[in-house]
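Work through the exercises below with the model open. Try each task before you read its solution.

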Amino acid sequence: MDDRPPWARRITTEREARGWNKPQFIEALRVHAPGELPGKESLLRRVHSWESGASCPDDFYKPIIARTFGTVTGAIWPVAGSRDADAELVAGAGMDTLEVLTRLRASTIDAATLESLRITVDRLCSEYPHLPAQQLLVEGRGWLRRITTMLDRQLTLNQHRELLSMAGWLAALVGCVEYDSANRAAAEATRQAAWSLGEESGNTQVMAWAQEMRAWFALTRGDYSGVLAAATTGHDVAPSSPAAVQLHAQKAKAWARIGDRRQVEVALDQGRALLEQMPYPENLDNHFAVDPSKWDFYSMDCYRILGASHDAGSTENKLAESYATEVLRLGTDASGIELSPMRNAEARVTLGVISVRQGDLEQALSHGRRALTGDRFSMPSLLMVSRELGTVIRDRYPANADATDYLNQLRHLRDSPVLR
């Protein structure tokens with residue numbers, strides 16, 4: 001059993017996936033360092049110490065290592081979150097949900113009520129990975145309706161703008177859940193509403209996320225030029241925002257499917273560089289905060305696609321497998337509870353694709369079936385990546401009964417989407 005710290009295992013895995021020995025790793029570190037590094041022998045001792053887990057890289061070396069591996073510091077050394085949104089509602093606003101609802105019926109809106117609404121919107125956005133889709137839709141739409149009703153009251157200009165902004169965040173959230181549930185028409189209408197609310201409130205972050213949603217919708221439809229157009233608009237609106245990071249990732253995914261390896265690397269590097277500059281998110285659970293560890297998830301998708309044109313032992317396939325393993329590790333707690341069920345599902349599909357490429361159909365089917373059994377997933381995204389697994393299984397095992405059963409399961413899921 002490997003009892004080294006996760007970051008030590010990660011350094012070894014990333015290095016070996018690229019086919020580097022330790023001296024080659026040192027040379028790569030020098031290329032990505034902002035200045036001159038110590039001599040070879042000194043660095044070799046450091047690398048031995050890091051990979052054994054005897055010592056952790058300091059704040060100087062952490063970003064260099066992350067940059068060398070094409071990721072961000074927070075993905076290798078994540079910071080544990082410690083927020084409790086329900087407690088914040090009482091502590092920050094001095095009232096619980098029932099009292100908030102009572103205050104909303106009052107003729108005037110005070111600062112405490114606005115603060116309670118901010119916390120409630122943050123809580124709903126933080127429930128995205130875990131709460132059943134139907135429940136989140138009901139709650140999200142309910143609060144969106146309450147907030148938009150308040151806009152008809154006598155408000156100060158700042159209050160009106162803030163309520164519009166909160167409505168924009170809720171519209172973006174509801175649109176995401178509607179699309180997860182395969183309600184494409186409703187999701188697009190809600191996305192457009194989020195864009196309009198962002199415009200009215202002057203909240204460029206909401207506007208950029210509305211474009212990120214447009215890029216995501218287009219990606220799952222196979223409209224890759226639509227992805228690139230949405231990314232351009234989103235970057236024009238808010239070039240240094242968290243949404244801009246995710247738009248770079250959506251561009252990379254689109255370029256991977258187009259087959260342009262160079263543009264994939266450019267988009268991933270642009271997003272990585274922007275994310276590395278950002279402060280660590282206060283609330284990792286908020287759907288509209290870009291968790292640094294999610295960069296592995298984006299890279300996983302790109303390298304899985306790029307690996308299709310290489311042999312099973314290629315660097316691309318090794319990296320896809322390494323990223324998928326890391327996504328599952330970070331997305332599952334010590335007791336086995338899934339913290340990021342939607343990411344985990346796509347990671348399992350990725351491991352399934354790698355298994356097929358390695359000639360292990362049984363393992364591939366195990367991963368693929370497990371991915372379809374979650375309590376919460378995004379239907380269009382899961383179908384998109386599962387079809388990729390289905391295609392490689394069909395091509396390599398056209399007459400296998402177990403393979404046929406899995407393909408039939410995918411067809412059934414495609415034809416009868418279930419709200420989750």
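Three exercises follow, on overall shape, helix packing and a pocket.

This is a predicted model: local features need pLDDT of at least 70, side-chain atom pairs count only at pLDDT 80 or more, and totals for chains, interfaces and linings use all residues. Residues are numbered from 1 along each chain as its sequence is written, and side-chain values use heavy atoms, without hydrogens and water.

**Exercise 1.** Count the helices and strands, then judge the compactness of the protein.

Solution.
- Step one: there are 21 helices and zero strands. Both are DSSP runs, numbered from the N terminus (helices H or I, at least four residues; strands E, at least two).
- Step two: the radius of gyration, taken over C-alpha atoms, is 23 Å. The globule rule (2.2 Å times the number of residues to the power 0.38) gives 22 Å for 420 residues, so the protein is as compact as a globular protein of that length.
- Step three: along the principal axes, the C-alpha atoms fill a box of roughly 70 × 55 × 40 Å.

**Exercise 2.** Classify the packing of H2 with H4.

Solution.
- Step one: helix H2 (residues 22-32) and helix H4 (residues 61-68) have axes 9 Å apart, at an angle of about 105°. Axes are lines fitted to C-alpha atoms over the stretch in contact, and angles run from 0 to 180 degrees between N-to-C directions.
- Step two: H2 is therefore roughly perpendicular to H4 (65 to 115 degrees).
- Step three: H2 brings Phe 25, Ala 28, Leu 29 and His 32 to the contact, and H4 brings Ile 64, Ile 65, Arg 67 and Thr 68 (heavy atoms within 4.5 Å).

**Exercise 3.** Describe the second largest pocket.

Solution.
- Step one: its space is about 440 Å³. A pocket is an open set of points on a 1 Å grid where a 1.4 Å probe fits, with protein on both sides within 12 Å along at least five of seven lines; lining residues have an atom within 4 Å of a point.
- Step two: 18 residues line this pocket, and Asp 122, Trp 169, Asn 286, Phe 288 and Ala 289 are the closest to its centre.
- Step three: helices H8 (111-126), H10 (157-180) and H12 (204-221) each give two or more lining residues.

Note on methods
Points joined across faces, edges and corners; volume = space filled by probe spheres on them. Parallel < 35°, antiparallel > 145°, perpendicular 65-115°, else oblique.
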